[in-house]
Amino acid sequence: MAIARADTVFIDGDVNQFVKTAESGNHRIHAFDGTCGSQMFATDLDRSMFNILIGCLDQRAQIKPKRDIFERFALSFVKDLKKDKWLEKGLLSDLSNPLQ
C-alpha cells in the first residue's frame, strides 16, 4: 500500500465506490475497479489522502516504501523473516536447501 496526497492522484475509468465506517468511527471511501473488482484505493470523505493498493498498478515496482506504519494486523512472524535467502525460480532453484 502506498499513501499519497490528493494532488498526486489521478483517477480515470470505471471506479465503484462505497463508504465504510472504520473502527474509529471515521468514514472511509473504498474504491474498486468497475470491471475486474480489484480494490484500488481508500480515502477519507474529503479525499485529502489516498491509501493506494499497489498490487493492481503496472508501475508498482517504481513505488518504494520509506517506512512501514501499518503493523496492527501483520502476522507475528513477519518481523522475524530473514531476507537473505530468496528463491529465483521456486523450490528447486539453485539454492541447495532453500527451506532452512
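**View 1. L75, F77 and L81 make up a nonpolar patch on the surface.** Together these residues have about 310 Å² of accessible area. The model shown here, and in every view below, is predicted. L81 sits in the segment after β5 (49-52). Is L81 buried, exposed or partly exposed? Its relative accessible area is 48%, and L81 is therefore partly exposed, since the exposed class starts over 50%.

**View 2. The whole protein is built from strands, with 0 helices and 5 strands.** From the N terminus on, the elements run β-β-β-β-β. The protein has 100 residues, and buried residues make up 18% of them. About 8800 Å² of the protein is exposed. Carbon and sulfur atoms supply 53% of that area. Now look at contacts with a separation of 6 or more. Residues 24 or more positions apart account for 29% of these contacts.

**View 3. Strands β2 and β3 pair in the antiparallel sense.** The pairing runs over 7 bridges. Two facing positions help you follow it. V15 stands opposite D33 in β3. K20 stands opposite R28 in β3. The two strands form a hairpin with 5 residues between them. Which residue of this hairpin takes a positive phi? It is G25, with a phi near 100°.

**View 4. The rings of F18 and F32 form a stacked pair.** A pair of aromatic rings is described by the distance of the centres and the angle of the planes. How many aromatic pairs are there? The count comes to 2 aromatic pairs. In the pair of F18 and F32, the ring centres are 5.7 Å apart and the planes meet at 15°, so the pair is stacked. The cut-off for stacking is under 30 degrees. F18 lies in strand β2 (residues 15-21), and F32 lies in strand β3 (residues 27-33). The pair therefore ties together parts that are 14 residues apart in sequence. Both residues are classed by accessibility. F18 has 40% relative accessibility and counts as partly exposed. F32 has a relative accessible area of 25% and is partly exposed.

**View 5. Strand β3 also pairs with strand β4 (residues 39-44).** This pairing is antiparallel and runs over 5 bridges. F32, seen in the stacked pair, stands opposite Q39 in β4. β3 and β4 form a hairpin, with 5 residues between the strands. Find G37 in the turn. Its phi is positive, at about 85°.

**View 6. A4 is a buried residue in strand β1 (residues 2-5).** Why does A4 count as buried? Its relative accessible area is 14%, and buried means under 20%, so A4 falls in that class. Which residues does A4 touch, leaving out those up to four places away in sequence? They are V9, M49, F50 and I52. Take I52 from that list. A4 and I52 are 48 residues apart in sequence. In space they are 7.4 Å apart, C-alpha to C-alpha.

**View 7. P65 is an exposed residue in the segment after β5.** Its relative accessibility is 74%, and P65 therefore counts as exposed. Now look from P65 to I3. These two are 62 residues apart in sequence. Their C-alpha atoms are 9.5 Å apart in space.

Terms used
Residues are numbered from 1 along each chain as its sequence is written. This is a predicted model: local features need pLDDT of at least 70, side-chain atom pairs count only at pLDDT 80 or more; totals for chains, interfaces and linings use all residues. Side-chain values use heavy atoms; hydrogens and water are left out. Rings of Phe, Tyr and Trp (its six-membered ring) pair if their centres lie within 6.5 Å; planes under 30 degrees apart count as stacked, over 60 as edge-to-face and the rest as tilted. Helices (H or I, at least four residues) and strands (E, at least two) are DSSP runs, numbered from the N terminus. Buried means under 20% relative accessible area, exposed over 50%, partly exposed in between (1.4 Å probe, protein chains only). Two strands pair if DSSP finds at least two bridges between them. Patches are made of residues with over 30% relative accessible area and no salt bridge: like charges are joined within 9 Å, nonpolar side chains (Val, Leu, Ile, Met, Phe, Trp, Tyr) within 5 Å. Accessible areas come from the Shrake-Rupley method with a 1.4 Å probe; for residues, only the protein chains shown count as cover. A salt bridge is a side-chain nitrogen of Lys or Arg within 4 Å of a carboxyl oxygen of Asp or Glu. Contact means heavy atoms within 4.5 Å.
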